[in-house]
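Here are my notes on this one, jotted down as I went through it. Have the viewer open while you read.

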Amino acid sequence: MTLTKRDLVIHIAEETGLKQNDVMNVVQKTLDGIIAALAKGQKIELRNFGVFETRTRRARIGRNPNAPTTDVPIPARTVVKFKAGKEMRSAVLKLAGKTPAAQS
């Protein structure tokens with residue numbers, strides 16, 4: 001099942017007693033701030049959640065699977081990388097029945 005932004009807003013509003021519209025505004029402003037910072041090339045570090053940062057992938061030559069002899073130039077581009085924080089990693093590993101110590 002997918003958790004949407006709307007689902008998240010409803011959940012937070014129910015837990016806090018705030019109006020859904022107020023929660024939606026805060027969530028949207030948070031996401032807008034993350035996008036704006038990444039667009040400037042800044043790194044975003046949210047303790048125990050994770051780190052967002054931009055990386056530049058180098059240009060490379062790809063292959064067309066329908067015509068393997070044809071080279072396809074793939075230009076360099078900037079992508080967003082996310083690295084999960086300690087608490088998130090631990091919570092996700094519990095889903096698979098693994099412990100963080102076993103993953104090292």
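Is Arg-63 buried or exposed? Arg-63 is exposed, since its relative accessible area is 55% and anything over 50% gets that label. Keep in mind throughout that this is a predicted model.

1. **Overall fold.** The protein has 3 helices and 5 strands. Reading from the N terminus, the order is α-α-β-β-β-β-β-α. The radius of gyration comes to 20 Å, well over the 13 Å that the globule rule gives for 104 residues, so the protein is more spread out than a compact globule.

2. **Dimensions and burial.** The C-alpha trace spans about 60 × 35 × 30 Å along its principal axes. As for burial, 14% of the 104 residues count as buried.

3. **Salt bridges, and back to Arg-63.** I find 3 salt bridges in the structure. One of them joins Arg-63 to Asp-71 through their side chains, at 2.3 Å from N to O. Arg-63 is the exposed partner, at 55%, while Asp-71 is partly exposed because its relative accessibility of 48% falls between the 20% and 50% cut-offs.

4. **Glu-45 with Arg-47.** These two side chains also meet in a salt bridge, at 2.8 Å from N to O. Glu-45 is partly exposed, with 42% relative accessibility. Arg-47 has a relative accessible area of 68%, so Arg-47 counts as exposed.

5. **Glu-53 with Arg-55.** Here the closest N and O atoms of the salt bridge are 3.1 Å apart. Both partners are in the partly exposed class: Arg-55 has a relative accessible area of 42%, and Glu-53 has 22%. Note that Glu-53 still misses the buried label, because buried means under 20%.

6. **The positive patch.** Which residues gather in a patch of positive charge on the surface? They are Arg-57, Arg-58, Arg-60, Arg-77 and Lys-81. Take Arg-60 as a way in: you'll find Arg-60 in strand β3, which covers residues 60–64. Arg-60 is partly exposed, with a relative accessible area of 45%, and that satisfies the patch criterion because patch members need over 30%.

7. **The nonpolar patch.** Leu-46, Phe-49 and Phe-82 make a nonpolar patch of about 250 Å² on the surface. Leu-46 sits in strand β1, residues 44–46. At 36% relative accessibility, Leu-46 counts as partly exposed, so Leu-46 also clears the over 30% needed for a patch.

8. **Leu-46 and His-11.** How far apart in space are Leu-46 and His-11, C-alpha to C-alpha? The distance is 21 Å, with their positions 35 residues apart in sequence. Worth drawing that line in the viewer if you want to place strand β1, where Leu-46 is found, relative to His-11.

9. **In brief.** What I'd take away is a model more spread out than a compact globule, with 14% of residues buried. On the surface, there is a patch of positive charge that includes Arg-60 and a nonpolar patch that includes Leu-46. The salt bridges number 3, among them the one between Arg-63 and Asp-71.

Notes
Residues numbered from 1 in each chain as written. Predicted model: local features only at pLDDT ≥ 70, side-chain atom pairs only at ≥ 80, totals over all residues. Heavy atoms only, no water. Patch = residues over 30% accessible without salt bridge, like charges linked within 9 Å, V, L, I, M, F, W, Y side chains within 5 Å. Areas by Shrake-Rupley, 256 points an atom, 1.4 Å probe, with all protein chains shown as cover. Salt bridge = Lys/Arg side-chain N within 4 Å of Asp/Glu carboxyl O. Lys, Arg positive; Asp, Glu negative; His and termini not counted. Charge placed at Lys NZ, Arg CZ, Asp CG, Glu CD. Helix = DSSP H or I, 4+ residues; strand = E, 2+ residues; numbered from the N terminus. Buried < 20%, exposed > 50% of the residue type's maximum accessible area, 1.4 Å probe, protein only. Rg over C-alpha atoms; globule rule 2.2 N^0.38 Å.
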